[in-house]
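Reader: Hi! I'm in my first year and still learning to read strands and turns. Could you take me slowly through one part of this model?

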Amino acid sequence: MSPIPRRSLLKAAAVAGAAAQFSWALGAQNAAAAPGAETAGAEPVVLDWLEDGGLGAAPGSTVGVPWPKGVYRQDQDFALTDADGKAVPVQSWPIAYWPDGSLKWTAHAVGSGDGRLTLTAGTPAAPEKKVTVDRSGGTIDVSTGVITARIGTSGATLVKSVTRGSTEIARNGRLVLLRQPEFEDGDQTAVKTERFDGAIAKVEVEQEGPVRAVVRIDGKHRKGDRGWLPFSVRLYFYAGADSFRMVHTITYDGTQEPGKASGDFIRGLGVRFTVPMRDASYDRHIRIGGEGTGLLREAVKGITGLRRDPGAAVQAAQYEGRKLPDPATWDQRVTTRLQYIPEWGDYTLSQLSADGFTLRKRTKKGYGWIPAGGGRRASGFGYVGGVSGGLSFGLRDFWEKFPAQLDIRGAHTEEAEVTLWLWSPEAQPMDLRFYHDGMGQDTFPEQLEGLNITYEDYEPEFGTPYGIARTSELLFWANAATPSAETLAEQVEAVRVLPQLAAPPKQLIAAGVFGKGLFAEPDRSTPAKAKIEDHLDFLFTYYKDQVEMRRWYGFWDYGDIMHTYDTVRHQWRYDVGGYAWDNSELSPDLWLWYAYLRSGRADIFRFAEAMTRHTGEVDVYHLGKWAGLGTRHGVQHWADSAKQQRIANTTYRRYYYFLTADERVGDLMHANVDSDETFLVLDPIRKIRTEPYTPDRHALSIGFGTDWSGLVSAWLTEWERRGPKWEKARARVLSTMETIAAQPNGFVQGTGLYDLDTGRFAVAETPVVGVSHLSAVFGLNELCAELIDLVDMPAFKEAYLDYCRYFNATKAEQAARYGSNFGSLILFQGHSRLDAYAAVQTGDEKLARRAWDKFYNSDGYKESAPWRTEKLSGPLTLVPGSEAAWVSTNDTSLYGLAAIENLALLGDRMP
């Protein structure tokens, strides 16, 4: 790709007038009133739960629903009814708008309702017990009508108290961080730790009812003069709920240097509550989740299994968690000896791997632990309390994001303490140091040689975790009494799989969101279509099974998949440079989300959800000089020196956000609005430039493919959401679209010089062919389909369709159109979806035929592939399982997207 001369900046003024006129015209469209609800397309939408069971014991659920352009005004109210026509209270708000100002996406929060719910335009029912928010006396009180949480606005206590009626169920909710300043292998480490407590810097009420309230708390963990490890915690409350949800995010800003034993090693990371204990010790109960809905069900002072029997009814009542009769009514041989029965005050369940947990207990501090059981995968759920009330608590993805731990301490005293450890203090310290010493790769030429052997793009000091983040989800219930076994099972299930309402695929398709026409519901009406559907199912199932077989779990790893398979070792190349963790390479995120959008399958949604949580947090920097950039695929998620827009791409977050209205993902998208500034900090092609280049804010070299697609996705999303910078974002969308279209070769030009102040590309004087096989495979096609539908800009549409026409064309056709061919390209199967899109847009039957020809007969997966797995067992592999040695994640992502989009666009024109 050749850089454009600086003098071409002067030519940018030639198109400025037209751009201003166009922007004005669009602004007029925005100001126009949208049609009313009587417009065609305003049919009721039937929402359903992803999994069976409805809301269950969860506090509530929020769902995003899309609407066709022009259907609803932005002030439209919505009503919800259940299958019997009974009104269900709902809180609704807009989360995206069409350019004409009509609603594109709305969010809807419910705190009740099971089975299918019907959403229509109308006046919402008010909840019988509303969520209220009261700010007074330096606290924020949130009441669901059942429980009240008093939230601190300063200091170390995030949740001062949780009460139910007049009973305080929990208090002193806080964050705990254990730092180990030195970590060395073997027996030389002197293990010392120091505790930091979360300190509040800012509290904001983001929503305040009537159905849903959200409070955001930001701060750092602090000890003395040092504050580090920033946190962002959101607390979610729903009308009528006896529970609340916490979304907890940390961003790593410590120091860990390769080869050094000293640093900021996290030994424990947790959320801690104090639980008042009011009942007699035989009426205090411990519940700890095991496998499935299994539970350890014990009392602090057990009266079962004794040498003397207090009575069957008494024993049954204790096991069930009910208040025991007065001991005076028991067999007195038990009553008179109660003081000799131990009280078990402390419990710990630790899950140090995805394959095993252990449970132990002791009477109190300073006395020996005894084993209390164990198993494979714990639910991450617990309860401590008594017949007068208690706290249930749970950590989502408990074993998937090991090492995790649950602690109960002091249950025999007046105050028990509960800690949910997101990183278990019994595990090895969190070691984020880069994994090798550089091996002499000190210069760009040496690093390129390294790239040519391990596919890793190494550069000293680039493999840093500084600025990566991780989000965890927790649930808490304030119970009026020890819950029944059935209620506990419902709470466990809510922790394991948080109930989620969803709009059906037909609504997503009819609304024309995420690229109009790019996905359609699965169709097996012909043998050819059925075969492709079978292949899509095979690929998803294979990856789901590989996550399990290869144990792609762990606090920092869960949600990602591997890049390439090592057929000799019968193992994914987890330890080979750029072939290890995938980090969104070639858009597996998009493949999964489009697979969900067309099918509504819960298993695909959950897989994509975990990937979105991971790739948006761990693979991207949120602090420091590379904030706004992501890291290319590698052995560690932060290892590779290629820090690029294509990984931080907002496109990968849009789906989960609009489907769930998740505020944390909304933060991630908004944070990218100004990420064009990152090109001042780091030149993404610094190692292969042949001419001198110094970043200049008025002439930044930015590619029209992987770079621009990442930038424009953030701008488009901010514009749609009407975020704080939406007007700037809209201007950037329009100005870059226009100045790409104005290039001599449009998208084929490859790169342009971008002015940070004007948001425009300089128009080059000389046509250049700068096509890469990567340009369109990080969401460009999907974004351009959206933009072309949203913005009436014929020149941009033609420029993109021209790129689509010629990528898969013959070299002779390319040369005839552009003066030279595109060189050696690959990924033709994946690009067949560009042929399909252009064929539909232009009505070109030749392109339609070529789309299917490239899909079936170029690179990637062919019909002649095995399309099956082979069984593996010892001594070939570590654990028994299966392999499809011919599968790679690049090919899977491209095949998946091409299959989905080609079927939707040209399913009626298959060969």
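Author: **A close look at strand β13**

Strand β13 (residues 212-223) has 9 of its 12 residues buried, so this strand is largely enclosed by the rest of the structure. Buried here means under 20% relative accessible area, while exposed means over 50% and partly exposed lies in between, with a 1.4 Å probe and protein chains only. Strands are DSSP runs of E with at least two residues, helices are runs of H or I with at least four, and both are numbered from the N terminus.

Before we go on, a word about the model: it is predicted, so local features need pLDDT of at least 70 and side-chain atom pairs count only at pLDDT 80 or more, while totals for chains, interfaces and linings use all residues. Residues are numbered from 1 along each chain as its sequence is written, and side-chain values use heavy atoms, with hydrogens and water left out.

Now for the partners of β13. Two strands pair if DSSP finds at least two bridges between them. In general, strands of a sheet pair through backbone hydrogen bonds, either parallel or antiparallel.

Start with strand β12 (residues 194-208), which runs antiparallel to β13 and is joined to it by 10 bridges. You can find one of these contacts by looking for Glu-208, whose bridge partner in β13 is Ala-213. The hairpin of β12 and β13 has 3 residues between the strands, and Gly-209 there takes a positive phi near 95°.

Next comes strand β14 (residues 226-238), which pairs with β13 in the antiparallel sense over 11 bridges. Here Arg-222 has Gly-227 in β14 as its bridge partner. These two strands form a hairpin as well, with 2 residues between them, and Gly-224 in the turn has a positive phi of about 60°.

Following β14 leads us to a cavity. A cavity is a set of points, on a 1 Å grid over the protein atoms alone, where a 1.4 Å probe fits but cannot get out; lining residues have an atom within 4 Å of a point. The largest cavity is lined by 18 residues, and Thr-62, Arg-245, Leu-498, Gln-500 and Thr-660 lie nearest its centre. The elements giving two or more residues to this lining are β2 (61-66), β14, α9 (602-617) and α11 (651-660). The largest cavity holds about 180 Å³ of space, where a volume is the space filled by probe spheres set on the points, and grid points are joined across faces, edges and corners.

Methods. On a 1 Å grid over the protein atoms alone, a cavity is a set of points where a 1.4 Å probe fits but cannot get out, and a pocket is an open set with protein on both sides within 12 Å along at least five of seven lines; lining residues have an atom within 4 Å of a point.
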